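Here are a few exercises to work through with the viewer open. Try each task yourself before you read the solution.

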Amino acid sequence: MKKDIHPDYHEITVEMTDGSTFKTRSTYGKAGDVLKLGIDPKTHPAWTGVHRLMDTGGQLAKFKRRFEQFGLKA
């Protein structure tokens, strides 16, 4: 095995969105670093089944206006 070609594999702390933490081993950052997650299985719609519609630039309002004659509710 060649020397000095593999990344450093060390222990880090992962902080979930609710503040809970756990330790794991990773090549992320340096030993002892904290990786703060913005999305995790406790909050992501793929795992929770709860979907929120975000209106960016009026796209949701535009959709509602376009399809209101069909009685669709978004």
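**Exercise 1. Is His10 buried or exposed, and what does its side chain reach?**

Solution. Start with accessibility: His10 has a relative accessible area of 5%. The cut-off for buried is under 20%, so His10 counts as buried. Keep in mind that this is a predicted model, so you're reading computed geometry throughout.

Next, place the residue: His10 sits in strand S1. Now go for the polar atoms. The His10 side chain comes to 3.2 Å from the backbone oxygen of Gly29. There's also a side-chain to side-chain polar contact, 3.0 Å long, between His10 and Asp8.

Finally, list the neighbours, skipping anything up to four places away in sequence. His10 then touches Thr24, Arg25, Ser26, Thr27, Tyr28, Gly29, Lys30 and Ala31.

**Exercise 2. Where is Asp8 found, and which residues does it touch?**

Solution. Asp8 belongs to the segment before S1. Check its cover: the relative accessible area is 52%. Exposed means over 50%, so Asp8 is exposed, whereas its polar partner His10 is buried.

For contacts, again leave out residues up to four places away in sequence; Asp8 touches Ser26 and Thr27. One more distance to try in the viewer: the C-alpha atoms of Asp8 and Lys30 are 8.2 Å apart, with the two residues 22 apart along the chain.

**Exercise 3. Work out the setting of Ser26: which strand holds it, and what lies 2.9 Å from a polar atom of its side chain?**

Solution. First the strand: Ser26 is part of S2, which covers residues 21-26. Then accessibility: the value is 17%, so Ser26 goes down as buried.

Now the side chain. One of its polar atoms is 2.9 Å from the backbone nitrogen of Tyr28. Beyond four places in sequence, Ser26 touches Asp8, Tyr9, His10 and Ile12. Two of the residues from the earlier exercises turn up there, Asp8 and His10.

**Exercise 4. In what order do the three strands form the sheet, and which stand at the edges?**

Solution. Begin with the whole chain. It has two helices and three strands, arranged along the sequence as β-β-β-α-α.

The three strands make an open sheet in the order S2-S1-S3, with mixed pairing. S2 and S3 (34-36) are at the edges; each has a single partner strand, so one side of each has no neighbour in the sheet. From one strand to the next, the twist averages 35°.

Take the pairings one at a time:

- S1 and S2 run antiparallel and are joined by six bridges. Along this pair, Glu11 stands opposite Arg25, and Val14 stands opposite Phe22.
- S1 (residues 10-15) pairs with S3 in the parallel sense, over three bridges. Here Thr13 is opposite Val34.

To finish, look at the connection between S1 and S2. The two strands form a hairpin with five residues between them, and Gly19 in the turn has a positive phi of about 95°.

**Exercise 5. How many aromatic pairs does a search of the whole structure find?**

Solution. The search comes back with one. The pair is Phe67 with Phe70, at 6.0 Å centre to centre and 35° between the planes. Planes under 30 degrees apart would count as stacked and over 60 as edge-to-face, so this pair is classed as tilted.

How covered are the two rings' residues? Phe67 has a relative accessible area of 26%, which makes it partly exposed. Phe70, at 56%, is exposed.

**Exercise 6. What percentage of the 74 residues in the chain is buried?**

Solution. Buried residues account for 11% of the 74. His10 and Ser26 are among the buried residues.

Then take the surface: the chain has an accessible area of about 6,500 Å², and carbon and sulfur atoms supply 55% of it. For the contact pattern, consider contacts between residues at least 6 apart in sequence; 7% of these join residues at least 24 apart.

Key: Residues are numbered from 1 along each chain as its sequence is written. This is a predicted model: local features need pLDDT of at least 70, side-chain atom pairs count only at pLDDT 80 or more; totals for chains, interfaces and linings use all residues. Side-chain values use heavy atoms; hydrogens and water are left out. Helices (H or I, at least four residues) and strands (E, at least two) are DSSP runs, numbered from the N terminus. Buried means under 20% relative accessible area, exposed over 50%, partly exposed in between (1.4 Å probe, protein chains only). A polar contact is a pair of N or O atoms within 3.5 Å; within protein, one must be able to donate a hydrogen and the other to accept it, and residues adjacent in sequence count only if both atoms are side-chain atoms. Contact means heavy atoms within 4.5 Å. Accessible areas come from the Shrake-Rupley method with a 1.4 Å probe; for residues, only the protein chains shown count as cover. Two strands pair if DSSP finds at least two bridges between them. Axes are lines fitted to C-alpha atoms, for helices over the stretch in contact, and angles run from 0 to 180 degrees between N-to-C directions. Rings of Phe, Tyr and Trp (its six-membered ring) pair if their centres lie within 6.5 Å; planes under 30 degrees apart count as stacked, over 60 as edge-to-face and the rest as tilted.
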